[in-house]
Amino acid sequence: MSQISKNREVILPKLTKWQQEAFDIINGQKGSGKTFVIKSGRQRGKNFLINILLITYSLENAGGVSILIEPTISQCGRVFNQLKYALDGLNLLRSSNGTTLTITFHNGSQIIFKSAEQKEALRGLTCSNILIFDEAAFISDDIIEILLPLVNVNKAPVLYTSTPLFTEGYFYRMYARGEDGRVSKTVSFDWSLDKYDMSEFLPQEQLDFYKENYSEMKFKTEILGEFISDNSYVFGDYRKCSGK
């Protein structure tokens with residue numbers, strides 16, 4: 001629950017086991033400068049957890065700024081609308097601007113939605129609550145490097161979430177760093193099928209369907225939630241034919 005006044009609280013929806021484990025560690029890390037990484041297959045609740053974290057950070061840290069980075073403008077609009085719809089009717093918002101993709105709470109906190117497509121225009125922002133890169137494996141390293149200084153002043157935590165792709169690039173390096181365990185300020189979470197029982201969300205018959213109809217590479221990354229290497233496959237650079 002997130003305290004918003006002396007007499008009223010917001011009760012957040014129930015999370016899955018893997019979502020709750022990540023939430024409990026990531027929540028309340030404002031000013032810690034820590035890095036968190038979630039590797040996950042499709043439809044495991046990444047966006048749902050992102051929305052819960054953005055709401056929680058905004059309610060519990062008055063006047064702060066959270067920033068969500070998506071690969072494309074259309075993805076920004078989708079998550080903006082999801083969050084706005086979830087908050088409508090709760091009397092928590094001062095405003096929500098669909099043009100600038102900014103949500104402002106009565107306590108002065110803001111959530112700003114930006115796209116990696118905006119490139120150099122992303123400079124100049126400041127993040128004090130939490131900076132989140134969604135589908136980070138599909139955001140180029142140079143864009144991530146442009147944005148990381150946004151957290152320097154306030155040491156805001158950074159969260160990377162993504163369906164995995166190749167064993168290279170910023171997302172993979174951050175995940176490997178946190179999984180290694182020797183870097184205390186980086187924590188990685190593995191939401192792959194071999195770690196959690198997700199049969200409630202992905203029944204065996206659906207898993208069998210994907211295995212039969214997806215390419216081996218797509219099945220491994222999007223369904224199993226595992227990284228692949230370019231040289232593991234005969235057809236070379238999967239990025240050029242993945243549509244990502």
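**Chat about a predicted fold**

Biologist: Is Thr163 buried or exposed?

Modeller: Thr163 counts as buried, because its relative accessibility is 2%. Buried means under 20% relative accessible area, exposed means over 50%, and partly exposed lies in between (1.4 Å probe, protein chains only).

Biologist: What kind of model is this?

Modeller: This is a predicted model, where local features need pLDDT of at least 70 and side-chain atom pairs count only at pLDDT 80 or more, while totals for chains, interfaces and linings use all residues. Residues are numbered from 1 along each chain as its sequence is written, and side-chain values use heavy atoms, with hydrogens and water left out.

Biologist: Back to Thr163. Where is Thr163 found?

Modeller: In the loop between β9 and α5. Helices (H or I, at least four residues) and strands (E, at least two) are DSSP runs, numbered from the N terminus.

Biologist: Which residues does Thr163 touch?

Modeller: Leaving out residues up to four places away in sequence, its contacts include Ser40, Gly41, Arg42, Lys46, Glu135 and Thr221. Contact means heavy atoms within 4.5 Å. Arg44 is 119 residues from Thr163 in sequence, with 9.7 Å from C-alpha to C-alpha.

Biologist: Arg44, then. What about Gln19, which touches Arg44?

Modeller: Gln19 lies in helix α1. Gln19 is buried too, at 4% relative accessibility. Besides Arg44, Gln19 touches Gly45, Phe48, Leu49 and Trp191, again not counting residues up to four places away in sequence. The Gln19 side chain also reaches the backbone nitrogen of Thr16, at 2.9 Å.

Biologist: New topic. What is the strand order in the open sheet?

Modeller: The eight strands run β5-β6-β7-β4-β8-β9-β3-β10, with mixed pairing. Two strands pair if DSSP finds at least two bridges between them.

Biologist: Why do β5 and β10 each have one side without a neighbour?

Modeller: β5 (93-97) and β10 (186-191) stand at the edges with a single partner strand each, so one side of each has no neighbour in the sheet. Neighbouring strands are turned by 10 degrees against each other on average, direction ignored. Axes are lines fitted to C-alpha atoms, for helices over the stretch in contact, and angles run from 0 to 180 degrees between N-to-C directions.

Biologist: How many bridges join β5 and β6?

Modeller: Four, in the antiparallel sense. Ser96 stands opposite Ile103 in β6.

Biologist: Which strands do helices α1 and α3 touch or lie across?

Modeller: Helix α1 (residues 17-26) touches β3, β9 and β10, and its direction makes about 170 degrees with that of β10. Helix α3 (residues 73-87) lies across β4, β5, β6 and β7, at about 155 degrees to β7.

Biologist: And α5? How many residues has it?

Modeller: Twelve, residues 169-180. Helix α5 reaches 17 Å from its first C-alpha to its last, close to the 16 Å expected. The expected span is 1.5 Å times one less than the number of residues. Buried residues of α5 include Tyr170, Phe171 and Met174. The buried residues of α5 pack against β3, α4, β9 and β10. Gly181 follows α5, with a positive phi near 85 degrees.

Biologist: How many disulfides does a search find?

Modeller: Zero in the whole structure. A disulfide is a pair of cysteine sulfur atoms within 2.5 Å. Cys76 is buried at 1% relative accessible area, and Cys127 is buried at 0%.

Biologist: Last one. What does the secondary structure of the chain come to?

Modeller: Eight helices and ten strands. Of the 244 residues, 49% count as buried.

Methods
A polar contact is a pair of N or O atoms within 3.5 Å; within protein, one must be able to donate a hydrogen and the other to accept it, and residues adjacent in sequence count only if both atoms are side-chain atoms.
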